[in-house]
Amino acid sequence: MSTEDDPRTLRIRREVLGIRENLRKKSQALDQCQEQIDWLAGWAALLDAGDTLPKEALEFLDITTLHGWTKLTLRLRFAGLAENLKERRETIVDEVKRLNEALKSMEICPQCSGAGKVFTVVSYERMDEGAIIPRPHSKPCNLCAGKGRISVAN
Ligand SMILES: [Zn+2]
């Protein structure tokens, strides 16, 4: 069985690709969060300047008319939504950190624990004083080809 087909390699590869996909989605979600935070800031500035809101702002608020809204209630609504988005952004940033850490540990070769070599035969050597000393021998790990990491192409 070649190293590439080793079930451990395949499992790591699958998990790494899954996490990378998840990270891509988180990155998009972060961009979207930031974009919406920027919209809200822009609309709040329009309100402050006494300008009318664009229809996108109404769509974002999921309302069809500004009837019943005042400058103050709109301002509060924008502030509340921006607050939620900032919290969401922080949550995503934490998740991204966690995923990146998981990714790092996941790529470590499970056979050699990242050492790149495995200890194979231990021979014993008798010293002059009569003590017997074990001599570990190592060889490059065959699962990761001595790299210590399972490389997963992008
Ligand atoms: Zn290895």
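This is a short talk on the fold, the two domains and a few single residues of one protein chain.

Before anything else, please keep in mind that the model is predicted.

I will start with the whole chain. Its secondary structure comes to three helices and two strands. Going along the sequence, the order is α-α-α-β-β. The radius of gyration is 29 Å, well over the 15 Å that the globule rule gives for 154 residues, so the chain is more spread out than a compact globule. If you lay the C-alpha trace along its principal axes, the spans are about 95 × 40 × 20 Å. How much of the chain is buried? Of the 154 residues, 8% count as buried. One more figure for the chain concerns contacts with a separation of 6 or more: 66% of them are between residues 24 or more positions apart.

Next, the domains. The chain is divided into domain 1, which covers 3-106, and domain 2, which covers 108-154. Taken over C-alpha atoms, their centres are 46 Å apart. The two domains do meet: nine residues of domain 1 are in contact with seven residues of domain 2. Which element gives the most to the domain 1 side? That is helix 1, residues 7-48, with six residues. Sorted by class, the domain 1 side has three nonpolar, three polar and three charged residues.

Let us stay on helix 1 and look at three of its residues.

R13 is in helix 1. With 17 other C-beta atoms within 10 Å, R13 counts as partly exposed. Setting aside residues up to four places away in sequence, R13 touches I150 and V152. R13 and E107 are 94 residues apart along the chain, but their C-alpha atoms are separated by 8.3 Å.

R14 is also in helix 1. Is R14 buried or exposed? It has 11 C-beta neighbours inside 10 Å, and the cut-off for exposed is 12 or fewer, so R14 counts as exposed. From the C-alpha atom of R14 to that of S113, 99 residues away along the chain, the separation is 19 Å.

The third residue of helix 1 is C33. C33 has 20 C-beta neighbours inside 10 Å, and buried begins at 20, so C33 counts as buried. Which residues does C33 contact, leaving aside those within four places in sequence? They are L85, R88, R89 and I92. A57 is 24 residues from C33 along the chain, and the two C-alpha atoms are separated by 15 Å.

Now the strands. Strand 1, residues 117-126, and strand 2 run antiparallel and are joined by eight bridges. One pairing to find on the screen is R126, whose bridge partner in strand 2 is I132. The two strands form a hairpin with five residues between them, and there G130 takes a positive phi near 100°. How many of the strand residues are buried? In strand 1, the number is zero of ten, so strand 1 lies largely in the open. In strand 2, residues 132-140, the number is zero of nine, so strand 2 lies largely in the open too.

Last, the core. In soluble globular proteins, nonpolar side chains tend to be buried together. In this model, the largest nonpolar core has six residues: I12, C109, C112, C141, C144 and I150. Take C112 as one of them. Not counting residues up to four places away in sequence, C112 touches K117, V118, C141, C144 and G148.

To sum up, the chain is more spread out than a compact globule, and 8% of its residues count as buried. Helix 1 gives the most residues to the side of domain 1 that touches domain 2. The two strands are joined by eight bridges, and the largest nonpolar core is made up of six residues.

Terms used. Residues numbered from 1 in each chain as written. Predicted model: local features only at pLDDT ≥ 70, side-chain atom pairs only at ≥ 80, totals over all residues. Helix = DSSP H or I, 4+ residues; strand = E, 2+ residues; numbered from the N terminus. Pairing = 2+ DSSP bridges. Core = buried A, V, L, I, M, F, W, Y, C linked by C-beta atoms within 7 Å. Domains from an automatic or database assignment. Nonpolar A, V, L, I, M, F, W, Y, C, P; charged D, E, K, R; others polar. Rg over C-alpha atoms; globule rule 2.2 N^0.38 Å.
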